[in-house]
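Please walk through this structure, beginning with how the chains are arranged and then turning to the sheet and the helix packing.

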4 protein chains.
Amino acid sequence: FQVMEKQTIAPLFPARAFNSHKGSFGHLLVLAGSPGKTGAAALCANAAKRIGTGLVTAGVPEGINAVMETLVVEPMTVPLPETASGTLSPNGLDRILSLAENRQALALGPGLGTDPDTRKLVTALVETCSLPLIMDADAVNCLAENPTVLKSRTSPAVLTPHPGEMARLAGIYTSEVQADRPGTARTFAQDFNVILVLKGAQTLIALPDGRLFLCPAGNPGMATGGMGDVLTGMIAGLAAQGFSLENAALAGVFIHGLCGDLLADIFGGFGFLAGDMIRNIPETIHRHLT
Amino acid sequence: FQVMEKQTIAPLFPARAFNSHKGSFGHLLVLAGSPGKTGAAALCANAAKRIGTGLVTAGVPEGINAVMETLVVEPMTVPLPETASGTLSPNGLDRILSLAENRQALALGPGLGTDPDTRKLVTALVETCSLPLIMDADAVNCLAENPTVLKSRTSPAVLTPHPGEMARLAGIYTSEVQADRPGTARTFAQDFNVILVLKGAQTLIALPDGRLFLCPAGNPGMATGGMGDVLTGMIAGLAAQGFSLENAALAGVFIHGLCGDLLADIFGGFGFLAGDMIRNIPETIHRHLT
Amino acid sequence: FQVMEKQTIAPLFPARAFNSHKGSFGHLLVLAGSPGKTGAAALCANAAKRIGTGLVTAGVPEGINAVMETLVVEPMTVPLPETASGTLSPNGLDRILSLAENRQALALGPGLGTDPDTRKLVTALVETCSLPLIMDADAVNCLAENPTVLKSRTSPAVLTPHPGEMARLAGIYTSEVQADRPGTARTFAQDFNVILVLKGAQTLIALPDGRLFLCPAGNPGMATGGMGDVLTGMIAGLAAQGFSLENAALAGVFIHGLCGDLLADIFGGFGFLAGDMIRNIPETIHRHLT
Amino acid sequence: FQVMEKQTIAPLFPARAFNSHKGSFGHLLVLAGSPGKTGAAALCANAAKRIGTGLVTAGVPEGINAVMETLVVEPMTVPLPETASGTLSPNGLDRILSLAENRQALALGPGLGTDPDTRKLVTALVETCSLPLIMDADAVNCLAENPTVLKSRTSPAVLTPHPGEMARLAGIYTSEVQADRPGTARTFAQDFNVILVLKGAQTLIALPDGRLFLCPAGNPGMATGGMGDVLTGMIAGLAAQGFSLENAALAGVFIHGLCGDLLADIFGGFGFLAGDMIRNIPETIHRHLT
């Protein structure tokens, strides 16, 4: 594998053209959240805004829309049909596909839950939504029963499992994942035609063509709930701005690690939270990559 | 056109009289918001407070009033009748006109949506409300079908379209707007008797008498959703404090650009958000204009 | 009148005894808020906490309790019976008097509204609640029809009208109030047995015995909605901690002015908000009065 | 008794292993909150995150779940069955025990209220939940009628009463508690097989084996409502991360005191709030203990 370096990521961030407008930086659709996990959806949407996405709309189950609106100010929200357990329902599929028409990327997963009906929605979106697709957390779990649907996509999706989610996806034990992180990631990426971000210390990014990258940034203080939701928002936000999914994944993972290292400088070895990272995204990019 | 300069804007901000009180600085009425877009209303109301308006009351659809109240602490809110889609309803017109009696300006637009009934309300307000009027975003869109109603106003309204909204208003293509920004703005301002703020890189302000101003401040990091809502709040807040609409538009646009430049100094080229700008309004004025 | 000085206020703030606990610093009851004005209640409650009150409970109309809870973290809330317009109802009187039993002061007014039934509640509380009482804003307006009820109190209440509210209370024109601020304040304080805080540039505090104090601190940037709610919370919070009402009014007004001056140093001449002041209360006291 | 020292606490915080993940730092279950006291629950959950806990789930009465979600972003919430008064109901016991299965510690108490049915739930949890258990505030009050149930636990619970709660638990007067704080704490800890944290100036920690520790850190500015909720979150968060309950109690109390002293340096002798402390936990640990 290749160890990622600032020199390869920095050129992805040229100075913004003088004559640009908010439409120049894309419109991201986030599908996320369920009762008790609205925070995950908010972290994802806010992170996307902080990495420079022009517009962000978060589709959430209608029952949590009011809570979501109190947690995100600049992103917009759309209340969507929900299941009996309050998670996103497949009844919202047409509405979602209609929303997707004028969007540039789709982030799917943070706090979705794993209601059987929500699984159906996730599968249907993988099959039918042609937007650049970034899947995390519960969306990955929703897919674990039937990951072959990923192969049907014309453009590969980005998946960002942690080792436990990777194990479920691959149908093996977590210990097996960790025993051969590079092999597991590369094999799955090739077999299922996805860009696979295998999180953990020294996160790996495996591409469908077999290339493999390792992120040298990051630290164990980032081992705290919510950090993955921020990463999803960052990758998806870059994709919405026009980064290729490959570059979005590489840059997102790298910046996420650099942000974590900046937070460790500020807070010490632990105790910084996902919400802290969001605020520090611009400064991190500005300091390290421009 | 004339390029705006600090020397012409600064004198609009004399030191406050020692013996002033909150009533000395006006009471602004904001009509804004709809489900999923409460943040736009909050950004507008909070920006108006930060630019020194004495009192701000935000009238919002009753269904989002609770969310709105969690996003604004110093502004007051008034829950108003709503349409079936949760947007402001023309049934609230009398209540609004009654509210307007003791106000000094009306900001209309951020997050309103474009429900057909809401369009009727917007048109009716343009026709019947004699307050200094600042229209943005969805209010501009609501008006696009029938902008001639603007001509009936005894005092010209301020409109703040971005190029796409300008195109809809003028019934031309966005590319035509951008191909001749000065001409488009000047013609519309003269034809429809409005103060037209054409947003974008180097925002233009066209007055009904044909004069045209260009704002040299601002940067492409401001190309992010919500910045327009802040601008509307700033212009309207100045109008409520007694600035002429012409001066409110000029000063509001200029300060908005200067704030954006201050944010770029702090955050780097992008990643700062509309909410960040609000906090920096006083310091920007203090540093550059007093 | 006497001009207030740091040397007379500072001794009211001795170092806290080593062996103190949250009960040592009182429990304040705040009755405030109505639909659209929850922010006023929150500003009052949070200000009381920031000036060192041990515990603060805010009784609010039940319909706004959820919003109130999102705006105050350390204060507790109690949902109370409400009128048809959503304001506090006299049906809650018994519950309120029961709550008052273990409290050390009562702040009454911010955002209450002036529903006729709420007026009845205010009058009843003035008549029956023996706690040290601080009345502001709408509570003062509620009382304007019948201020003689104030005379019945064994311990004088603190009233904090601005000139317009003073005019309504005294049954004269605002211009008459401003033409003779000292005389108006002193006469009303003596006639109605209250500690009268007449707000405005150079706020006056008139005591029932005829003494009159002028606050030299403060600036016109404080002329912004919400500042009065903060003042009420500060005075009431000091009263709950055991300050005599006279000392609470004097110290509260003086610190409020000093905080405003600190904010003007930070933000410039205007654009700072009531919420900013709350955060700066401790530093202001620490810097100037200890 | 032994006076606590940095040298004995610091070694409990080794540098985090490079190869750790959020599961390495535990999953805490918090049961807290009731109408009007949601803030207490939020303070507890957020404090646990800030002290480094990997995941935090807060179970709250379903009626306050939406408010809770607006106050906590990184912690997750679970809406649970509630009593007629809106407090946690014993009907939720099975659900709670099921939630507890994959958790490493249970914090029980902040803002729970003392509804008779909630008392039953608290008693049932003490009897049946084998997780490391930290009880505070209303949970302690709920237990006061029948503290003997504590003896049945195979692993001792941590109780964190203030002197008034201690008095209720021990069936004596508060003055008796304060007259012999060490004796009261030691006796109760030994008799009821608990780790007893007797709060107040110079907080004491009594262990079931008779050992007694005194915390030299802290100051009277911490005498403000909500500080106890933060302490509970800190101790419970450490327990979830794998600290023994004894070490969690010792380290939590000590860090809480050090945080308070840091806040007094920043804010002066009083006026800092519980929410301020949460933000300063990581820096305090980093500065003093690593």
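The crossing of helix 7 of chain A and helix 9 of chain A is left-handed, and because this is a predicted model, that description, like those that follow, concerns predicted coordinates. The contact is made on one side by A:P163, A:M166, A:L169 and A:A170 of helix 7 of chain A, and on the other by A:R181, A:T184 and A:F188 of helix 9 of chain A. By character, the residues of this contact between helix 7 of chain A and helix 9 of chain A divide into five nonpolar, one polar and one charged. Two packed helices are described by the angle between their axes and the distance between the axes. For helix 7 (residues 163-170) of chain A and helix 9 (residues 181-192) of chain A, the angle is about 50 degrees and the axes are 11 Å apart. An angle of that kind makes helix 7 of chain A oblique to helix 9 of chain A.

A second helix pair can be read in the same terms. Helix 4 (residues 93-100) of chain A and helix 5 (residues 116-128) of chain A have axes that come within 11 Å and cross at roughly 40 degrees, and the two helices are therefore oblique to each other. Here helix 4 of chain A passes helix 5 of chain A in a right-handed crossing. Helix 4 of chain A contributes A:L93, A:I96 and A:L97 to the contact, while helix 5 of chain A contributes A:L121, A:A124, A:L125 and A:T128. Of the residues in this contact of helix 4 of chain A with helix 5 of chain A, six are nonpolar, one is polar and none is charged.

Helix 4 of chain A also leads to the sheet, since it lies across strand 2 (27-31) and strand 4 of chain A, running at about 155 degrees to strand 4 of chain A. The sheet in question is an open one of 10 strands in chain A, with mixed pairing and the order 1-10-9-8-7-6-5-2-3-4. Its edge strands are strand 1 (2-3) and strand 4 (76-80) of chain A, each of which pairs on one side only. Strands of a sheet pair through backbone hydrogen bonds, either parallel or antiparallel. Strand 6 (residues 133-135) of chain A and strand 7 (residues 158-159) of chain A run parallel and are joined by two bridges; in strand 7 of chain A, A:V158 is the bridge partner of A:I134.

What remains is the relation between the chains. Two copies of a chain are related by a rotation about an axis and a shift along it. Chain C can be laid on chain B with an RMSD of 0.0 Å by a turn of 90 degrees and a shift of 0.0 Å along the axis, and the two copies are thus related as by a four-fold rotation axis. Among the residues of chain C, C:T70 comes closest to this axis, its C-alpha lying at 4.6 Å. A rotation of 90 degrees with 0.0 Å of shift along its axis likewise superposes chain D on chain A, with an RMSD of 0.0 Å, and in chain D the C-alpha nearest the axis is that of D:T70, 4.6 Å from it. Only 3% of the interface residues of chain D are also interface residues in chain A, so these copies meet through different surfaces. Other pairs of chains stay apart: no contact joins chain A and chain C, whose closest C-alpha atoms lie 9 Å apart, and chain B and chain D do not touch, their nearest C-alpha atoms being 9 Å apart.

Key: Residues numbered from 1 in each chain as written. Chains lettered and ligands numbered in written order. Predicted model: local features only at pLDDT ≥ 70, side-chain atom pairs only at ≥ 80, totals over all residues. Heavy atoms only, no water. Axes fitted to C-alpha atoms, helices over the stretch in contact; angles between N-to-C directions. Helix = DSSP H or I, 4+ residues; strand = E, 2+ residues; numbered from the N terminus. Parallel < 35°, antiparallel > 145°, perpendicular 65-115°, else oblique. Left-handed = near helix turned anticlockwise from the far one by under 90°. Contact = heavy atoms within 4.5 Å. Nonpolar A, V, L, I, M, F, W, Y, C, P; charged D, E, K, R; others polar. Least-squares fit on C-alpha atoms with pLDDT ≥ 70 in both. Pairing = 2+ DSSP bridges.
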